Amino acid sequence: MIKPQINVNPLFTKHASMHKTTIGDTTESDWRLRVFDSLSFPTLILKPDRTVIAVNQRFLERNQTKEADIIGRTCKDFFRQYSDKEHLSCTGAGCPLNKSLISRSPQSTVLKTTTKQGKEIWEERVLSPIFGDDGEVKYIIESLRDITAVKHLEKKYSDVRELIDKVVQSSVSAIMAAGRKGEIILMNQAAEDLFGYAVNDAQNINIEDFYPAGVARQIMKSLRDGNIGETGKLPSTQVNVLTKDKEEIPVEMTAAIIYEDGKEAATAAIFNDLREKQAVQKKLEEAESQLYQSEKLASLGRLSAGVAHEINNPLTSILLYGNLMREKLEKDHPLTDNLNYILEDAERCKDIVKNLLAYSRQTRPSKDDFYLNDLVSESLRLIRDQKLFMNVEIIKDLDDHHIKVNADKNQLCQVVINLIINAFDAMEGTGILILKTYRNRETEKAFIEVTDTGSGIPHDNISKVFDPFFTTKDVGKGTGLGLSMAYGIMEENHGRISIKSTGKKGTTILLELPEKISSSEFPFMSIG
Ligand SMILES: Nc1ncnc2c1ncn2[C@@H]1O[C@H](COP(=O)(O)OP(=O)(O)OP(=O)(O)O)[C@@H](O)[C@H]1O
Ligand SMILES: [Mg+2]
């Protein structure tokens, strides 16, 4: 290519006979002409006033024209003939020739044109100044390069890119990519939704912000570890990620390192939120264990009911005849104490039988409307052994609304009393007892929570505490019927009992009942 610095002197002069152009009259000019003609790019030489003074063979072939049709015309006339006007910047500041003259440096522009055969092509016009001895721009050399193939490739590439962008953006999985320093370079809509960031935040965040401390490093370590899947690829893994609000969310993720020339260039990861899946799984497990518990209790209930009935009759006789004997014995008879022990234990057996019958639902509930807060206050009042309260702070966190339920109040009092006594036992006399009531308007459910700061239920016992006769208390202290009876009563009253939480800091037992909605709560119903 002719360099812009080449000084051409004397001027190009047109040869009379052929299309050939001569430069001066020396032999040196011949090779310059040959070079100009053999340039593989169609090329023109123009004067600063835009008139064409020389045209090479390739240009004539390309335009299927004669030298005479080109020489003396301005490039403006010429390009306007076949250029797509939108891309032609012939005038003013956009004119590449103007720019080259002003900047005294090469300039280029890209044109979309249609050939005489009607074929659409893309050409790059490259214009370079040629200086005279005085340092002024004497000519401009202009070459045309067909860049149609490059343009088609570019278009193909940008179409594919657009498609990939659409696939990434519309994916339901969160997709992110980070550069080598952890800077975020890609984040799709699902990732924005999952993590709570907007694309605009991307420049201020680092991939480490998306994980609890140390996790991002651990993931990178696993990615590079050839023993965990293929090097550079992390098979599906469960981790917790951090949202913008610092909420930890369980996700299933896969990740990969993107290499360029064998070097790590970026990492990409796909995340799927596991919260919904885990919630469904938990509900399923709960339902299964509920069913198992119900079945187990039903068969145990039948057995206990049978035993209770069988014991009830002899027990009634023991108590009857024992009391008759006590009346007959003189006050300081040496056997009085022994008889009292027999009668006390027989009374205890009577209580157990009563509880067993209640548990096995042999007594029908008698339902009434009452307020949940009244139930809590009444249960507290009914606890006979007030010395239990001594070192326990009792907090009543009762809902301001009058939550009404329809159930057997006496039975529910027994349930709440049992829970409170269990809580006292777990705290061994010292701690905080919280009694809370609330409701959920949408599900129309009413709740009572009994929370203590006691020892908690060991993990292995959680599945057993509702079983009849399961107790960890000393012989004679607990029968192990409190919670199983509570379970039976709650079912009978269309409610539920469950362990909401338990651990070293204490236990919360949750009672749930259908709320009785009074018509005054539906303002529309009272209109008219
Ligand atoms: N709030 C609690 N904190 C810790 N453990 C508890 C709590 N409530 C119940 N438990 C455990 O569950 C077991 C069964 O409770 P449940 O009320 O059925 O029987 P109990 O209290 O042992 O005897 P009782 O028949 O006198 O109520 C208890 O022995 C105890 O181990
Ligand atoms: Mg108990």
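This talk covers one sheet, one helix pair and one threonine in a predicted model.

I will start with the sheet. Five strands make it up, and it is open, with mixed pairing. Reading across, the order is β14-β16-β17-β19-β18. At the edges are β14, residues 391-397, and β18, residues 496-503, and each of these pairs on one side only. On average, neighbouring strands are turned by 15° against each other, direction ignored.

Now look at one pair inside that order. Strand β17, residues 445-452, runs antiparallel to β19, and 8 bridges join the two. For example, Ala446 has Leu513 in β19 as its bridge partner.

Next, the helices. Helix α12 lies across β14, β16, β17, β18 and β19, and runs at about 145° to β16. Helix α12, residues 409-427, also meets helix α11, residues 372-382: their axes come within 9 Å and cross at roughly 60°. The crossing of α11 past α12 is right-handed. From α11, the contact includes Leu375, Leu380 and Leu382, and from α12 it includes Leu412, Val416 and Ile420. By type, the residues of this contact are 8 nonpolar, 1 polar and 3 charged.

Last, back to the sheet for a single residue. Thr507 is in strand β19, which spans residues 506-514. Is Thr507 buried or exposed? Its relative accessibility is 5%, and the cut-off for buried is under 20%, so Thr507 counts as buried. Leaving aside residues up to four places away in sequence, Thr507 touches several others, among them Val450, Asp452, Ile457 and Ile499. Thr502 is also touched by Thr507, and the side chains of Thr507 and Thr502 make a polar contact at 3.0 Å.

How values were computed. Residues are numbered from 1 along each chain as its sequence is written. Chains are lettered from A and ligands numbered from 1 in the order in which they are written. This is a predicted model: local features need pLDDT of at least 70, side-chain atom pairs count only at pLDDT 80 or more; totals for chains, interfaces and linings use all residues. Side-chain values use heavy atoms; hydrogens and water are left out. Helices (H or I, at least four residues) and strands (E, at least two) are DSSP runs, numbered from the N terminus. Buried means under 20% relative accessible area, exposed over 50%, partly exposed in between (1.4 Å probe, protein chains only). A polar contact is a pair of N or O atoms within 3.5 Å; within protein, one must be able to donate a hydrogen and the other to accept it, and residues adjacent in sequence count only if both atoms are side-chain atoms. Contact means heavy atoms within 4.5 Å. Axes are lines fitted to C-alpha atoms, for helices over the stretch in contact, and angles run from 0 to 180 degrees between N-to-C directions. A crossing is left-handed if the near helix is turned anticlockwise from the far one by less than a right angle, and right-handed if clockwise. Ala, Val, Leu, Ile, Met, Phe, Trp, Tyr, Cys and Pro count as nonpolar, Asp, Glu, Lys and Arg as charged, and the others, Gly among them, as polar. Two strands pair if DSSP finds at least two bridges between them.
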